[in-house]
Amino acid sequence: IKTTKYKEVKTKEKKGMDEKKAIDSVKMWFKESASLATVVIEDIAARDDLSKTTYAFAADYISQQTTGRNSDMPQSSILLAKLYSKLEDYSKAVVAQQKAIALAKAALAEGKYKELVTEKTIEEYETVLTQYQKKNKNL
């Protein structure tokens, strides 16, 4: 039901719904459904047409998740790095991407998350890290 509501918000947004109103609705839903929150955050991170406020909201939400349950999964840190890059905060993107790589290497060594973490995945993460490092003006 919540996913359907989110899709309705996205449809309305495309027709001119205020982005802030959409995010306010999503904030309420986050309290009820962690799985919906993940879908929404992934959608936000995949888009290039949203405000910095929206990316900051998503980054704040996901940064809280990287210290909780499943904090050893690299995907949350990858998502966080991507959101920081949308905010053009490449120093934080580098740190988050480095954490994701460390988590991915540990998972691979332990045989965890086999469907999500492979040698190729780690190589892709490292390629993105290099891109963030090049864009980071603070290094």
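This passage walks through the helices of one protein and a few of the contacts between them.

The model is a predicted one. It's an all-helix affair in terms of regular elements, with 7 helices and 0 strands, so the run from the N terminus reads simply α-α-α-α-α-α-α. Of the 139 residues, 40% are buried. The outside adds up to about 8,400 Å² of exposed area, and carbon and sulfur atoms supply 52% of that. How much of the contact network joins residues at least 24 apart in sequence? Counting contacts between residues at least 6 apart, the share is 59%.

Helix H5 is a good place to start. It has 13 residues, and its first and last C-alpha atoms are 19 Å apart, close to the 18 Å expected at 1.5 Å a residue. H5 is mostly covered, with 10 of its 13 residues buried. Among them are Pro 74 at one end of the numbering, the leucines Leu 79, Leu 80 and Leu 83, and also Tyr 84, Ser 85 and Lys 86. After H5 comes Glu 88, which has a positive phi, near 60 degrees.

Lys 86 deserves a second look. This lysine sits in H5, which covers residues 74-86, and its relative accessible area is 17%. Buried means under 20%, so Lys 86 makes the cut. What does Lys 86 touch, leaving aside residues up to four places away in sequence? The list is Ala 45, Ala 46, Arg 47, Asp 48, Lys 52 and Tyr 55. With Ala 45 there is a polar link too: a polar atom of the Lys 86 side chain lies 3.3 Å from the backbone oxygen of Ala 45.

Seen from the other side, Ala 45 belongs to helix H3, residues 34-46. Ala 45 has just 1% relative accessibility, which is why it counts as buried. Beyond its sequence neighbours up to four places away, Ala 45 touches Leu 79, Lys 82, Leu 83 and Lys 86. Ala 58 is 13 residues away from Ala 45 in sequence, and the two C-alpha atoms are 7.9 Å apart in space.

Next up is helix H7. Its 17 residues should span 24 Å at 1.5 Å a residue, and the end C-alpha atoms are 25 Å apart, which agrees. The buried residues here are Thr 121, Ile 122, Tyr 125, Leu 129 and Tyr 132. They cover an arc of only 95 degrees around the axis, so they end up on the same side of H7. Which helices help to cover these buried residues? The cover includes H5 and H6. The face of H7 turned away from the buried side is another story, carrying the exposed residues Glu 119, Lys 120 and Lys 134.

Finally, there are the aromatic rings. A pair of rings is described by how far apart the centres are and by the angle of the planes. The count in this protein comes to 1 aromatic pair. That pair is Tyr 90 with Tyr 132, at 6.3 Å centre to centre and 40 degrees between the planes, which makes it tilted. Tyr 90 lies in H6 (residues 90-110) and Tyr 132 in H7 (residues 119-135), so the pair ties together parts that are 42 residues apart in sequence. Are the two partners buried or exposed? Tyr 90 counts as buried at 16% relative accessibility, and Tyr 132 is buried as well, with a relative accessible area of 9%.

Technical notes
Residues are numbered from 1 along each chain as its sequence is written. This is a predicted model: local features need pLDDT of at least 70, side-chain atom pairs count only at pLDDT 80 or more; totals for chains, interfaces and linings use all residues. Side-chain values use heavy atoms; hydrogens and water are left out. Helices (H or I, at least four residues) and strands (E, at least two) are DSSP runs, numbered from the N terminus. Buried means under 20% relative accessible area, exposed over 50%, partly exposed in between (1.4 Å probe, protein chains only). Contact means heavy atoms within 4.5 Å. A polar contact is a pair of N or O atoms within 3.5 Å; within protein, one must be able to donate a hydrogen and the other to accept it, and residues adjacent in sequence count only if both atoms are side-chain atoms. Rings of Phe, Tyr and Trp (its six-membered ring) pair if their centres lie within 6.5 Å; planes under 30 degrees apart count as stacked, over 60 as edge-to-face and the rest as tilted. The expected span of a helix is 1.5 Å times one less than its number of residues. The arc is that of the directions from the helix axis to the C-beta atoms. Accessible areas come from the Shrake-Rupley method with a 1.4 Å probe; for residues, only the protein chains shown count as cover.
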